[in-house]
Every structure is written in structure tokens, then in C-alpha cells.
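Good morning, colleagues. I would like to take you through one structure, beginning with a single residue and ending with the arrangement of the chains.

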Protein chains: 2
Amino acid sequence: MAEKVTIATVARHARVSRQTVSNVLNAPHIVRQETRERVEDAIKALGYRANQAARQMRTGRSRLIAARIEPTRDGINGSVLDRFLHGLTETADAAGYRVLLYTATDDEREIATYGDLLGTYELDAFVLVGTKYGDPRTEWLADRDVPFVTFGRPWDALDAHPWVDVDGAAGTAQATRHLLEAGHRRVAFIGWPVGSGVGDDRRAGWRDALLAADVDPSGLHRETEDGIGEGERLMRDLLVAVAPSAVVCASDSLALGALQAIRGVDPPVSVIGFDDTPVAAAVGLSSVSQPLGEAAARCVDLLTGVLDGNHETPTPVLLQPSLALRHTA
Amino acid sequence: MAEKVTIATVARHARVSRQTVSNVLNAPHIVRQETRERVEDAIKALGYRANQAARQMRTGRSRLIAARIEPTRDGINGSVLDRFLHGLTETADAAGYRVLLYTATDDEREIATYGDLLGTYELDAFVLVGTKYGDPRTEWLADRDVPFVTFGRPWDALDAHPWVDVDGAAGTAQATRHLLEAGHRRVAFIGWPVGSGVGDDRRAGWRDALLAADVDPSGLHRETEDGIGEGERLMRDLLVAVAPSAVVCASDSLALGALQAIRGVDPPVSVIGFDDTPVAAAVGLSSVSQPLGEAAARCVDLLTGVLDGNHETPTPVLLQPSLALRHTA
DNA sequence: TATCCAGATTGGATCGTTCAAGATGGCGAG
DNA sequence: CTCGCCATCTTGAACGATCCAATCTGGATA
């Protein structure tokens, strides 16, 4: 078994002091080129890697970012998180950070976990997926000056903290315009109850697109909790009440329900979902697609900006979704 | 801002030495009860948490487990990983470990990442999801005595390393028996090309169940790469060639394809998929369900067994899947 | 030749914890 | 009374990196 390679081993091998090796790693410009190259060769030859624990003890920085992995809720939207996490891991890696997972069943426990992670692992930052009105988690983190980014706008105050989000309204508006351009007039909307930021945003996009085309949206929309069954129920209701020729949904779950409700209806009703989940791809459902990899990358950008000494509050990022057209619209 | 609470702070507060505090944490039995309680009270009062980096420097153990997060392949089976990771995080947490994510595009790079993670973060163990014949990754890890578990059997040699797996053959057999008991005789199978351990295993379960019921399986099966389109194609082929009344598939993707192929066929053909992915639940597809949370928990069990000084090679774990019956069978 | 300066290098201290070894005190046996 | 033993607790050193202050080097300048 080979001896453990430390900074001292490298120093001995390159015939310099430990400090010089450290300088080559952390401030290369102050070391003479010839010396630097000698040290770099030694590092390569010995396969030296800086011990993160020791570094962390001095610097207080762990180069670790925490992200929460949620239990797959209805299973359909869970894969959004999955793809986001993958992007996060990849980008964080490139920036020299690693992603640590945690779970929590409620806000209180999640906050307790923050304390735990910060205390024992000295985490550098958190990435929160999804926020709600008056989120106690962001408040807790902000109070303690813990760097964090949310994927999802803070609906209370847009300048409360750095965030990355996808423009949901733009997505539903795009979907709605696509349907209008295809000749539809009675374009309905199935979404979530008023009060959730995300849901209201997505409905607003649909409404604005209709208004811009001089279509009156009143009566053309329904609200419910998320779920396939609910989507089916409300779509049947809409068919009877207003006989829409197309429908935009706030989620793929709702859209799948709508698809089941319109089976056999003639002429066929167009359906567009939201999130472009694997299910949508599987059944050929058109859907609004969020650039999750890009979103994750921008989260890392914002965090590294804060962590690497950029003291000004970074600018929030609002990304544009795209429309994945399949055969339901 | 409060002073940072270290073991010395606690020691001062409880009027003992640092070492005694350390003993209370790591070997409570050697400390007198009265003293122990005094120290524990101080820990609580001060909100002390052991600094992991410092602990790691002495012990060489990071209490970190690495798991790979893959890009969602066809999107449908990706959610299996998602659920597994969630279980892993939860169980690891309970055992005092944390899960660190990494990604890699190929085996070579994955192995390079192992070196990196071990060198800089001193990871305690790896969890690999899925293995193949002659997997270079397990070989590399085993050569270096790095603790690891695979979720998925090592198909070459079952005693090569600790593993947890779900009995795929038992799953397809159960699905097949269910169909046989419902009166079906011509129960077909759509699976993957011969040579993948998982695929061969799942096919074997179907074949054995048929043989046990005196049904000749020849001609009743088809093999292809995974995917909805492929499933549809092969199901059409089967319908023409052998007119099966039911089909068991090696994945939900294939089963979804089969579902599309049998639309309108009368009498309806029963379909059972594999993995019980969200898509299956969404469209009402019956499917073989893997106990992913349980699998993750057993992975952590095996690892902690190895890590906490249990030197004997742990026994592999083979879990039984269950049948999630919906309206396609 | 002596002085000075900037740049490069050195040794020592430090982060918070655990390990190894030493100190203390009480108690029973000889 | 002394010794040894055990249980308990304390002290000094070490893990591997970075920070700090001090020292060294070589070349330009007086």
C-alpha cells in the first residue's frame, strides 16, 4: 500500500516547502514559473489530491451544496426534480462543488436539517426547489446569511433572494397562441386553485394570450388540486358546459386526465400539458418543456457568484420554456 | 454573532476536559454517569455539533456515501432511480451518513471520479445502481478495497461483492401465473436481447411459469432494445404470428408500446409491465413493482455493516417484487 | 561595496477532533 | 501503612491543509 500523499510529500518531491505547493494550488501567479512547473509535475507524478477535510478546517468552506430530494409525489412530476438534480450535479461538479442530498417531511424538520448540515458539514449553500408564499425556510436561511438559491420565484418579494425560474406564463401563453393559430377559439384551461404562485402564473399566461386574441376567457377555466382523476373530471365538466375545442393544462397530470375525458369525442379536442414529463413523451402529449439543465446551471452560477466573493446580490434569472409538440395538439 | 461552539466550549461549560466530551460522544460507557449527564446537558444547552471535517481528519472517515445520478434515459425508467435515491438518502441519514451525488458519462470517467472523490473527500462507500457482465467499476473498487454495494446482482460471480437486488424472475413469474390463473394460456413475453443479466432473468421467470403450467413458451416471445416504439412493433408482430391473449413485458416502456398495439383488438389482450413507473400508474397499466425503498435501506444496512467494523462479507439480499394490478390485467 | 526592495520561500501556529499515554483518587489486600 | 489496581479523567500530540510573519535571494541603485 502506497504512503498517503500529502502536501508535504509533494513538497519533498519538488524540493520546495509546503507553502510553495499551497501557493501553486491557491495563488499560482506568485510562484516563479520554473518552480511552479516543478511542483505541478510532482503533483501529477504522485497523484496528489488536496484533502478537503483539512482544507475545510482552515478555510471553513466545504465546497458542498445541499439539495433536497423529495419523495416522488404523484410520480409524474417527480421526474422534473430528477432531471434538475442531474443538471445540478453536473454543473456543480464543473465549478468544483459537490451536491449533498437531504430529505425532510415538513418545513420544521427541513429547517432542523439545515442547522444540522451547517453545523456538522459546514455546507456552503442550499438549493431549494419550489417556494411558497411566506416560506419559513428562505426566511430562516436569509436570517442567518446562509447562501442559497431557489429554483422558483419568491412570490412575496421578487428581490428577497437570488432565484432562477422558468416563465410559466410565457409557456402557457405560447401553448395558447399555438392553439389559436391552429384555428381554435374556445381554448380552455385547467389549473390549480387560486393562491399558488405557480398556478396563478400559468393561468395568467393563458388568459393574457386569449385576451390578446380578443377571446373572452370567462367560463373557460376550471381549478382543482393536481391529479389525473381531477383532470378527467374537470374536462368532462368543461365539455358539457362550454364545449371547448382545445385545452391547456397546468400540469401533465391534469392533461392526462383531460386526454382520458376526450377519448372518442369528435372532432378531437387538442390538449397541451405542462412540464414535458416522460409520461407526456410516452403517450404523445404535447407539453410545455422547462429547460431544467439550464435552470440548474444558472442556480450554480448564482451560487458560485455569491460564494466566490461577489458581494453584490446577483440578478434573478427567468428562463423561457419551449413547446414540445406531439400529436395531441 | 455567537462564538463558534467547539468541543472545548462544551468542556469548559461542563468543567471537564475535551477528551471527556469526546468520550461522551464516542464511548459513553467509559464515562461516569454523573459526568456524562453534565456533558450532555452542556451539549444541549450550547447547541454543540461535532465538526465533521475535524473528526474526519483524525478518523479518516467522512460519513459520506456516493451515489450516481444518471441522466434520465428514456425518461420512464429514470424515476426508478429517483425513488431509490430518495430511499437511500432517508435511510443513510438515519444511520448517520449522507449521500453525495456524482455523474459520469462513461465507465472510464466514472472510475476517474471515484479516485477524485476518494482522494479529496475520503468517501466511505459507493452505491452503484446496475451492473453488467465484467463491470470495470466494481473491479476497480474491489481492487482498492473500497467498500461498495450494488443495487443489482453481479452477473459474473454472485459472491464477488455485497449486493441487493430484486428477484426479477419471481416478478415475471408472478405476473405470468396471475394471467394463467385468469384463464390465459397463450401468454407472450416481450423482453430485451439475450445477454443482459436483468433481461434474461425476467424472461426466465416467464418461461418457467409457463412450463410449470404445461404451456410451451416457444415462439411466444420477442426480444428488442427498450422503447415504446419497439414494444408496439413487436406486439403487432406477436398478434399476427401467435395471437396471444396476454403479454408480460420486461419494462413499462415495452408494455406501453404493447398497449398501443392492442388498442381496438377484441377480445382485449391483457398486458403487464415491469417497474411500476409513474407512467404505468398514470395509464392504468398493471406492472411488477420493485420495493425500492426497502432495497435502498438494505444497501445502507450492508454498507454500515462493512463500515462499522463487521469484517465478514455480508450476505447478499434478494427482495421479492409485488404485482400492482390495474385495469390492463 | 553597501543598501534597499520586491518577489520568492521558509517555519511555526492554527483549525476541531481523536488517539496515546499519563495523572488522580478510592479501595481492598497483604 | 503501603502497594497495586481499577475506573475515571486530563494532557500533549497528531491529522493535512492554510495563514501569518519572518527570512532569504538577486538585482538595481546610491
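**From one leucine to the assembly**

Let us start with A:L307, which is found in helix 13 of chain A, a helix formed by residues 292–307. Please keep in mind throughout that this is a predicted model.

Is A:L307 buried or exposed? The residue falls between the two: 16 other C-beta atoms lie within 10 Å, and A:L307 is therefore partly exposed. Burial would require 20 or more such atoms, and exposure 12 or fewer. Leaving aside residues up to four places away in sequence, A:L307 touches A:D124, A:A125 and A:P147. A further pairing deserves mention: A:R61 is separated from A:L307 by 246 residues in sequence, yet the C-alpha atoms of the two are 9.4 Å apart in space.

I turn now to the DNA. Which residues are closest to DNA strand D? They are A:T6, A:I7, A:S22, A:A54 and B:T35, among 26 residues that surround the strand. Both chains supply elements giving two or more residues to this surface: helix 2 (18–26) and helix 4 (52–59) of chain A, and helix 2 (18–26) and helix 4 (52–59) of chain B. In terms of class, the surface near DNA strand D comprises nine nonpolar, 10 polar and seven charged residues.

Finally, the two protein copies. A turn of 180 degrees, with a shift of 0.0 Å along the axis, lays chain A on chain B with an RMSD of 0.1 Å. The two copies are thus related as by a two-fold rotation axis. Moreover, 100% of the interface residues of chain A are also interface residues in chain B, so the copies meet through the same surface.

Key
Residues numbered from 1 in each chain as written. Chains lettered and ligands numbered in written order. Predicted model: local features only at pLDDT ≥ 70, side-chain atom pairs only at ≥ 80, totals over all residues. Least-squares fit on C-alpha atoms with pLDDT ≥ 70 in both. Contact = placed C-beta atoms within 7 Å. Near = placed C-beta within 6 Å. Helix = DSSP H or I, 4+ residues; strand = E, 2+ residues; numbered from the N terminus. Nonpolar A, V, L, I, M, F, W, Y, C, P; charged D, E, K, R; others polar.
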